[in-house]
Amino acid sequence: MILTDQQILAEIEKGTIVIEPYDRSCLGTNSYDVHLGKYLSTYRDAVLDARKHNEIDTFEIPEDEGFVLEPGRLYLGVTQEYTETHATVPFLEGKSSVGRLGIDIHATAGKGDVGFCNHWTLEISVSMPVRVYRNMPIGQLIYFTVQGDVETFYNRKQNAKYNDRSDKPVESMMWKNQW
């Protein structure tokens, strides 16, 4: 079941959903709009290796002129909003207005875990050149109810790779997996 606006507000009141900064006007019928943060990152190497730490270069999106994203390049972005989800499963989807500009905000990682507490790293790709701006609406969080008890919340997992709070994009930590 997807939470409605009233249910999202109730969860915020209880402290089981945290959104910082919070703006009531961003609450939709059954979602909350999030915005592109001021940082983007790109990988240094042209070929990425799943078994090694692939380093990134991070830069600020110029405040007034924005930044032009180019096709064929992966950009890591970040949500302006820091979120915590302690009793529901958050999903991040692109806004339709963003999709209609040819922007995909995540390649595969649209689902969060119960206990996720951080800014969301975005895996941004575009189908044609498009200028983006910091603070522009970029996606929407949708919250699903959970059936049953959670044994280990994400923020308490010993092997969780994305628990360090950061307002900058975080590169893939695939290399930390045991395989």
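Four bridges join strand β2 to strand β11, which covers residues 137-145, and the two strands run antiparallel to each other. This pairing belongs to a predicted model, and a good way into it is to follow one residue of β2 across to its neighbour: V34 has G139 as its bridge partner in β11. In general, the strands of a sheet pair through backbone hydrogen bonds, in either a parallel or an antiparallel manner.

The wider setting of this pair is an open sheet of three strands, in which the order is β2-β11-β7 and the pairing is antiparallel. Because β2 (32-35) and β7 (88-94) stand at the edges and each has a single partner strand, one side of each is left without a neighbour in the sheet. From one strand to the next, the twist averages 35 degrees.

Going back along the chain from β2, the reader comes to the loop that lies between β1 (17-20) and β2, where D23 is found. D23 has a relative accessible area of 38%, so it counts as partly exposed, a class that lies between the limits of 20% and 50%. Although D23 and V34 are 11 residues apart in sequence, their C-alpha atoms are 9.8 Å apart in space.

Another feature to look for is the largest pocket, which holds about 880 Å³ of space. Of the 35 residues that line this pocket, those closest to its centre are A109, T121, E123, Y154 and Y162. Strand β9, residues 117-126, gives the most to the lining, with five residues. Sorted by class, the lining of the largest pocket is made up of 16 nonpolar, nine polar and 10 charged residues.

Conventions: Residues are numbered from 1 along each chain as its sequence is written. This is a predicted model: local features need pLDDT of at least 70, side-chain atom pairs count only at pLDDT 80 or more; totals for chains, interfaces and linings use all residues. Side-chain values use heavy atoms; hydrogens and water are left out. Two strands pair if DSSP finds at least two bridges between them. Axes are lines fitted to C-alpha atoms, for helices over the stretch in contact, and angles run from 0 to 180 degrees between N-to-C directions. Buried means under 20% relative accessible area, exposed over 50%, partly exposed in between (1.4 Å probe, protein chains only). On a 1 Å grid over the protein atoms alone, a cavity is a set of points where a 1.4 Å probe fits but cannot get out, and a pocket is an open set with protein on both sides within 12 Å along at least five of seven lines; lining residues have an atom within 4 Å of a point. Grid points are joined across faces, edges and corners, and a volume is the space filled by probe spheres set on the points. Ala, Val, Leu, Ile, Met, Phe, Trp, Tyr, Cys and Pro count as nonpolar, Asp, Glu, Lys and Arg as charged, and the others, Gly among them, as polar.
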